[in-house]
Amino acid sequence: MSGAARLYSPEVLALATRLAAFPLDEDLPLRGAARSPACGSRIELGLACDAAGAIARISLKAQACAIGQAAAAIFADAATGRSRADLAATLAALEAWLAGTGDQPDWPGLAAIAPARDFPGRHGAMLLPWKAALEALPSA
């Protein structure tokens, strides 16, 4: 199977279309953005949190390759109920996994984009939703 066929599987392309379920809502109070210098992919997101600080609502806009869009959908599908600490731990685990020094993180749906691990040019796009969310969420 060619590299492109492994990367852009029907599952990845279907995930990319899932972003329509999370349109960017300018009214959400917390905002974050991230850009990958390697490929130029960019994500903007809006969040609202519950009283405990966990994500209650998410909206986003991704200008990214299909892998970046799929990563954003995977993130959005499982972000509700997660805390800043959860996201930071997942981002660190993702970075270690992509660097080959850790296991694939326990985040639902990541298996769909796992083949992109073999393509370092896609790593930045894969990390964008977690980075943007951490920028949006209060650190205290």
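Here two people talk through a predicted model and how its features get their names.

Colleague: What should I keep in mind about this predicted model?
Modeller: Local features need pLDDT of at least 70, side-chain atom pairs count only at pLDDT 80 or more, and totals for chains, interfaces and linings use all residues. Residues are numbered from 1 along each chain as its sequence is written, and side-chain values use heavy atoms, with hydrogens and water left out.

Colleague: How do you know that β1 and β2 pair?
Modeller: Strands are DSSP runs of E with at least two residues, numbered from the N terminus. Two of them pair if DSSP finds at least two bridges between them. β1 and β2 (residues 42-49) have 6 bridges, in the antiparallel sense, so they pair. Among the bridge partners, alanine 33 goes with glutamate 44 in β2.

Colleague: Why are β1 and β3 called edges of the sheet?
Modeller: The open sheet has 3 strands in the order β1-β2-β3. β1 (30-35) and β3 (55-63) each have a single partner strand, so one side of each lacks a neighbour in the sheet.

Colleague: Why do cysteine 39 and cysteine 65 not form a disulfide?
Modeller: A disulfide is a pair of cysteine sulfur atoms within 2.5 Å. The closest cysteine sulfur to that of cysteine 39 is in cysteine 65, 5.5 Å away, so they are too far apart for a bond. The count by this rule is 0 disulfides.

Colleague: What makes cysteine 39 partly exposed?
Modeller: Buried means under 20% relative accessible area, exposed over 50%, and partly exposed in between (1.4 Å probe, protein chains only). Cysteine 39 has 35%, so the label is partly exposed.

Methods. Helices (H or I, at least four residues) and strands (E, at least two) are DSSP runs, numbered from the N terminus.
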